[in-house]
Amino acid sequence: MVKIHIKKGDKVRVIAGDDKGAEGEVIRVIRDKYRAVVKGVNMVKRHIKPSAQNPQGKIVEMEAPIHISNLMLIDPKTGQPTRIARKRDENGKPIRVSKKSNEII
């Protein structure tokens, strides 16, 4: 299995697709499908069936998952998209480091 470089709460930019250039925060990561849901990106409309709480039914706009390969992490220091490196801190715990600024993410 490929390691996923994006985690929940990260700020990312879309680098390919219809929403190219859009930025948002990762709401959740779907590891087995290699996808992430980003707030305000890849919006789709879903129909809700009528029910007791909602007798009319309605159309809801929500975020759809987007493939991880179309997302790039934003460097917290520079605000630009960056690749990441995986290193270990002094305790041996793995950490993510920005390739552009060498800052810990």
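Strands, as the term is used here, are DSSP runs of at least two residues in state E, numbered from the N terminus. In this predicted model, that numbering serves to place asparagine 42, which lies in the loop between S3 and strand S4, the latter covering residues 43-48. Asparagine 42 has a positive phi of about 60°, although it is not a glycine. Because its relative accessibility is 24%, asparagine 42 counts as partly exposed, a class that lies between the limits of under 20% for buried and over 50% for exposed.

A second residue with such a backbone angle is tyrosine 34, which is likewise not a glycine and has a positive phi of about 60°. Tyrosine 34 is located in the loop that runs between strand S2, at residues 23-30, and strand S3, at residues 35-38. The relative accessibility of tyrosine 34 is 22%, and therefore this residue, too, counts as partly exposed.

With regard to annotation, the UniProt record, an unreviewed entry, places the feature "domain: KOW" at residues 5-32. In the model, this span is 43% strand and 0% helix, and the C-alpha atoms at its two ends lie 14 Å apart.

On the scale of the whole chain, the division is into domain 1, comprising residues 1-74, and domain 2, comprising residues 77-104. The contact between these two parts draws on 10 residues from domain 1 and eight residues from domain 2. The centres of domain 1 and domain 2, when taken over C-alpha atoms, are separated by 24 Å. About 810 Å² of area is buried between domain 1 and domain 2, and carbon and sulfur atoms give 58% of this area. On the side of domain 1, the residues that lose the most area to domain 2 are Met72, Leu73 and Ile74, which together make up 48% of what that side buries.

Polar interactions are also found between the domains. One salt bridge is counted between domain 1 and domain 2. Arginine 96 forms a salt bridge with aspartate 10, in which the closest N and O atoms are 2.8 Å apart; arginine 96 falls within the bounds of domain 2, whereas aspartate 10 falls within those of domain 1. In addition, four residue pairs are in polar contact between domain 1 and domain 2, with both residues of each pair at pLDDT 80 or more.

How values were computed:
Residues are numbered from 1 along each chain as its sequence is written. This is a predicted model: local features need pLDDT of at least 70, side-chain atom pairs count only at pLDDT 80 or more; totals for chains, interfaces and linings use all residues. Side-chain values use heavy atoms; hydrogens and water are left out. UniProt positions are given in the numbering used here, feature names are shortened, and annotations may be inferred rather than shown by experiment. Helices (H or I, at least four residues) and strands (E, at least two) are DSSP runs, numbered from the N terminus. Buried means under 20% relative accessible area, exposed over 50%, partly exposed in between (1.4 Å probe, protein chains only). Domain bounds come from an automatic or database domain assignment. Contact means heavy atoms within 4.5 Å. Buried area is the accessible area (1.4 Å probe) that two parts lose on being put together, summed over both. A salt bridge is a side-chain nitrogen of Lys or Arg within 4 Å of a carboxyl oxygen of Asp or Glu. A polar contact is a pair of N or O atoms within 3.5 Å; within protein, one must be able to donate a hydrogen and the other to accept it, and residues adjacent in sequence count only if both atoms are side-chain atoms.
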